[in-house]
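Open the model in your viewer and keep the selection box handy. We will go from stop to stop, picking residues and looking at what surrounds them.

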Amino acid sequence: MSATRYYYGNAIRTFLESSDDEIYGSISRNSPHDDNRKTKASWIEEIQALKNTLRPYADRGSIFFEYNIPRMGRRADVILVIDGIIFLLEFKTSDSKFSHQAVMQTWDYAIDLKNFQLKSLDRTLVPILVVPSERDKYCITTLEEGDDGVFRPLQVNLSLLSEVIEKVLLTATSYHGCDSDLQWARGGYEPTPTIIEAAIALYNGHNVDEITKHEGNIEATMTEIDRIITHCKTHKQKAVCFVTGVPGAGKTLIGLQTAIRQFNNDEKAIYLSGNYPLVRVLQEALARDFVERSKADPCGGKVTKTEARSKVKSFIQMIHHYRDLYLEGTEIKGNEIIPKEGYFESHRDKAYVPADHVAIFDEAQRAWTREELQRFMREKKGIPEFPYSEPAYLISCMDRQPDWGVVICLIGGGQEINKGEAGMPAWIEAINTRFPDWHVYFSNAINSPEYSERPRCRNSYHLSGANS
């Protein structure tokens with residue numbers, strides 16, 4: 001059960017000496033999707049174009065197709081590593097003109113790679129948007145390096161691609177570290193210290209009321225959550241905390257503030273949601289506010305929305321990216337998921353233990369039942385008879401921590417549970433049957449016999465709202 005960091009990767013010389021069909025075959029075999037005629041044509045066009053471009057650099061680097069940016073759920077079309085400099089190429093083979101959206105996408109990928117891939121912190125990154133048939137006069141080849149080592153996106157056609165690569169290599173600082181190209185490519189997920197500091201500054205200055213309206217007893221709940229996290233860390237314990245409340249009571253705000261407070265305490269935490277529109281709204285609102293504040297600060301530098309958005313991603317992410325990442329390098333034995341023998345020793349880019357000690361799951365009542373997750377894993381991942389419900393699997397990921405961990409479940413009250421969604425009972429069942437040593441915290445607003453085993457009951461875990 002492992003996802004591929006890239007669909008094809010090799011030294012540039014090997015790439016040049018391989019046939020187009022060999023390279024395409026590797027890309028196609030590693031892709032989980034069925035290739036259509038358009039996709040195949042795009043890959044072949046990219047292969048042929050790059051063979052023409054890269055001949056001068058046969059012994060100076062490596063090439064990777066469809067490179068996965070860790071835990072961001074994104075794949076860059078092509079990564080070139082030449083003299084240790086990282087070129088991120090985004091091809092738009094079916095387009096005839098540059099678009100603002102494509103430029104921002106290319107820049108976004110480069111910034112995420114810089115901020116979330118462990119080995120990229122000390123590398124120069126050069127994003128290049130390639131529209132093969134665009135006219136020369138619309139191309140942008142002026143080099144402008146940011147303070148973070150990420151260049152502003154270059155925009156080229158095929159005839160100018162060689163020129164800009166050569167121009168960068170003559171201008172940019174080469175990498176003089178010890179990591180090989182392959183070691184760089186296998187670098188794991190790790191938010192850089194600078195991105196964490198920026199995320200804290202970004203969030204701490206936002207206008208809370210504009211992002212999440214709330215009416216509940218926020219401070220009392222936050223105090224209790226802080227106490228639980230501190231207790232678990234001090235006493236090497238693991239716990240699940242259920243925060244309940246009606247829509248608008250402030251659960252989302254509590255989740256975000258918990259993540260940021262942990263960053264402030266030099267711990268890693270992540271706010272996870274399966275609600276894509278919500279994630280986008282939160283990311284955009286925080287990013288937009290940060291950009292506006294940077295404009296108003298005479299002492300600060302100008303910040304683009306792309307840069308601000310990348311900072312937000314350090315603590316707000318999609319839940320399925322988290323779920324899928326920690327499937328990598330595992331196998332099912334009996335009724336358990338275990339690491340494959342020797343896998344993580346030979347795949348340093350993978351991680352069995354999550355990077356975060358605190359995971360906040362939004363709308364946790366909507367996690368899937370065992371039957372629904374089994375169906376998904378069988379049909380989408382090729383994993384038969386997956387033994388966990390989604391609540392059990394998500395807790396199992398945090399249970400891999402050798403010392404302590406806290407799972408915070410934000411539970412919406414008065415909401416219909418849809419087909420395939422597990423609701424609260426599946427979380428409690430998972431704790432009772434698989435994780436009996438975990439501690440459980442919730443308010444007396446939850447009144448069910450399923451919660452009878454060792455609860456820590458506090459009213460402050462329930463956000464009643466002003467009118468409840």
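## Charges over rings

Select R123 and Y175 to begin: the charged end of R123 sits over the ring of Y175, 3.5 Å from the ring centre. A charge counts as over a ring when NZ of Lys or CZ of Arg is within 6 Å of the ring centre and within 35 degrees of the ring normal. For another case, pick R434, which lies over the face of Y388 at 4.0 Å from the ring centre.

Before moving on, some ground rules. This is a predicted model, in which local features need pLDDT of at least 70 and side-chain atom pairs count only at pLDDT 80 or more, while totals for chains, interfaces and linings use all residues. Residues are numbered from 1 along each chain as its sequence is written, and side-chain values use heavy atoms, with hydrogens and water left out.

## The whole chain

Zoom out and show the cartoon. The chain has 17 helices and 16 strands, taken as DSSP runs (H or I, at least four residues, for helices; E, at least two, for strands) and numbered from the N terminus. Of its 468 residues, 56% count as buried; buried means under 20% relative accessible area, exposed over 50%, and partly exposed in between, with a 1.4 Å probe and protein chains only. Contacts here are heavy atoms within 4.5 Å. Among the contacts with a separation of 6 or more, 74% join residues 24 or more positions apart.

Now colour by pLDDT, the predictor's confidence in each residue, from 0 to 100. The chain averages 81, and 81% of the residues score at least 70. Helix α1 (residues 12–17) has the highest mean of the elements, 96, and strand β15 (residues 455–457) the lowest, 43. Over residues 448–457 the pLDDT is below 50, and this stretch has 23 contacts in the model beyond near neighbours in sequence.

## An aromatic cluster

Show the rings next. The structure holds 19 aromatic pairs. Rings of Phe, Tyr and Trp (its six-membered ring) pair if their centres lie within 6.5 Å; planes under 30 degrees apart count as stacked, over 60 as edge-to-face and the rest as tilted. Select F64 and W184, a tilted pair at 6.5 Å centre to centre with 50° between the planes. This pair links distant parts of the chain, 120 residues apart: F64 is in strand β2 (residues 61–69) and W184 in helix α6 (residues 181–185). F64 is buried at a relative accessible area of 2%, and W184 is buried at 0%. Add Y6 and Y67 to the selection, and you have the four members of one aromatic cluster.

## Into the cores

What is in the largest nonpolar core? It has 43 residues, and those with the most contacts inside it are F15, L50, L54, F87, L89 and I128. A nonpolar core here is a set of buried Ala, Val, Leu, Ile, Met, Phe, Trp, Tyr and Cys residues joined through side-chain atoms within 4.5 Å. Helix α5 (residues 158–171) gives the largest share of this core, 6 residues.

Centre on L50. Leaving aside neighbours within four places in sequence, L50 is in contact with F15, I63, F65, V78, L89, F91 and L161. From there, step to F91 in strand β4 (residues 85–91), which counts as buried at 6% relative accessibility. With the same neighbours set aside, the contacts of F91 are E46, L50, D77, V78, V130 and L158.

A second, separate core has 38 residues, including L327, I383, Y388 and C409. Y388 is also the ring under R434.

## Around helix α15

Select residues 370–380, helix α15, whose buried residues are E372, L373, Q374, F376 and M377. Their cover includes α13 (319–325) and α16 (390–399). After the helix comes G382, with a positive phi near 70°.

Look next at the loop between β12 (358–361) and α15, where T369 is found. Not counting residues up to four places away in sequence, T369 touches S389, E390, G420, E421 and A422. E363 is found in the loop between β12 and α15 too, and its phi is positive, near 50°. Most residues other than glycine have a negative phi. E363 counts as partly exposed, at 25% relative accessibility.

For the last stop, select K236, in the loop between α9 (218–235) and β7 (238–245). Its phi is positive, near 55°, and at 54% relative accessibility K236 counts as exposed.
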